[in-house]
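Thank you all for making time this morning. I would like to walk you through one chain, going from the overall layout down to a few individual residues, so please have the sequence and the model open in front of you.

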Amino acid sequence: MDTAFALEPGLYIVAGPIGNLGDLTPRAAQVLRLADVIAVEDTRVSARLLRAAGSDRPMLPYHDHSAENVRARLVDRMAGESVALLSDAGTPLISDPGYKLVRDARAAGRMVTTLPGPSAAIAALTLSGLPTDRFLFMGFLASKAKARGDALDEVAALRATLVFYESGPRLSESLSAMAAHLGDREAAVSREISKTFEETVTGRLSELSARYADAPPKGEIVVVVGPPGDAPPASVEDTDAALREALTRLPVSKAAGEVAKKFGLDRRALYDRAMELKG
Ligand code: SAM
């Protein structure tokens, strides 16, 4: 029945499920059945989804680091054919290939459309119970401590919920780095969303890090970290003690910055207080 229709030439960004095949939208399934070619990350992974969608369309492996001519050929084909872009899981381009393909398709004046659907980042955000009015998607943190710390420092002062993709073996260490660089904020660890063993555990970053230290969880994981203001108000005694300690190691402005980050407080107010304590 579908085959009676042809898709308009161009690029179709198709979101697939993040676990449960039932989350593939009917419109996405229809595009997968009709597209002239489907650009995929891994043909073996996508073959399963295409079978479930009743699609027998040809696949072509695509990554943003594929040779330039692979992308150029796909963009050429979009002039007269429909090209669907599919990831192993969830929404293409979200910690997945596709950005350069969309960029080049637009530059060439091709039609670009999206079939929206699941993404683990948004699903975890909705499960977390943390503020959703302002959030920043951080993708995967670097595994090297210095690069990971720098990335966390860069966003520590933002009044936004942060969303990270993670893997089980790195989880505890990452949570502990987040506590050190962002302060001990409220957070949520969601794993296996939409699958049989879906689970969301909430708590302070330090508690969650301790929980997973000896028992790295299996499966796919998203960590959601609340904004700095979400921490309970720190007592004057706590902040004074932290400032006094920091002043033994750091100049006033750095000490104020460190404590502001730890407690999610205003850096300027803490600077004034640090000057008083020093004076
Ligand atoms: N494009 C995908 C999306 O829209 O969510 C993300 C692809 S990224 C390569 C894969 C990461 O997404 C996993 O390592 C994990 O952090 C997260 N993820 C994917 N599926 C998940 C699920 N069902 N539950 C929890 N996290 C998931």
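I will begin with the chain as a whole, then turn to one sheet and its helices, and end with a group of aromatic rings.

Please keep in mind throughout that this is a predicted model. The chain has 279 residues, of which 46% count as buried, and its secondary structure comes to 11 helices and 10 strands. Taken along the principal axes, the C-alpha atoms fill a box of roughly 80 × 40 × 30 Å. The domain assignment divides the chain into domain 1, covering residues 10-118, domain 2, covering 121-225, and domain 3, covering 236-278, and the C-alpha centres of domain 2 and domain 3 lie 26 Å apart. If we take the contacts in the chain with a separation of 6 or more, residues 24 or more positions apart account for 69% of them.

Let me now move to the sheet. Five strands make up an open sheet in the order S3-S2-S4-S1-S5, and their pairing is parallel. At the edges stand strand S3, residues 59-61, and strand S5, residues 112-115, and each has a single partner strand, so one side of each is left without a neighbour in the sheet. From one strand to the next, the twist averages 25°. To look at one pairing in detail, strand S2, residues 37-40, and S3 pair in the parallel sense over three bridges, and here Val40 stands opposite Pro61 in S3.

Helix H3, residues 68-77, packs on this sheet, where it touches S2, S3 and strand S4, residues 82-86, with its direction at about 150° to that of S2. Helix H4, residues 99-107, lies across strand S1, residues 10-14, as well as S4 and S5, and runs at about 150° to S1.

Which residues of H3 are buried? They are Val70, Arg71, Leu74 and Val75, and, seen down the axis of H3, the buried residues fall within an arc of 130°, so they line one face of the helix. As a general reminder, an α-helix has 3.6 residues a turn, so residues three or four places apart point the same way. The buried residues of H3 pack against S2, S3, S4 and H4, whereas on the other side of the helix Glu68 and Asp76 are exposed. Ala72 also lies in helix H3, and with a relative accessible area of 41% Ala72 is partly exposed. The C-alpha atoms of Ala72 and Leu24 are separated by 29 Å, although these residues are 48 residues apart along the chain.

Finally, I come to the aromatic rings, of which the structure holds two pairs. Phe137 and Tyr165 form an edge-to-face pair, with 5.0 Å from centre to centre and 70° between the planes. Phe137 lies in strand S6, residues 135-140, and Tyr165 in strand S7, residues 161-167, so the pair ties together parts that are 28 residues apart in sequence. Is each partner buried or partly exposed? Phe137, with a relative accessible area of 31%, is partly exposed, while Tyr165, at 10%, is buried. Ring pairs also bring in Phe140, linking Phe137, Phe140 and Tyr165 into a cluster.

That is where I will stop, and I am happy to go back to any part of the model.

Key. Residues are numbered from 1 along each chain as its sequence is written. This is a predicted model: local features need pLDDT of at least 70, side-chain atom pairs count only at pLDDT 80 or more; totals for chains, interfaces and linings use all residues. Side-chain values use heavy atoms; hydrogens and water are left out. Domain bounds come from an automatic or database domain assignment. Rings of Phe, Tyr and Trp (its six-membered ring) pair if their centres lie within 6.5 Å; planes under 30 degrees apart count as stacked, over 60 as edge-to-face and the rest as tilted. Helices (H or I, at least four residues) and strands (E, at least two) are DSSP runs, numbered from the N terminus. Buried means under 20% relative accessible area, exposed over 50%, partly exposed in between (1.4 Å probe, protein chains only). Two strands pair if DSSP finds at least two bridges between them. Axes are lines fitted to C-alpha atoms, for helices over the stretch in contact, and angles run from 0 to 180 degrees between N-to-C directions. Contact means heavy atoms within 4.5 Å. The arc is that of the directions from the helix axis to the C-beta atoms.
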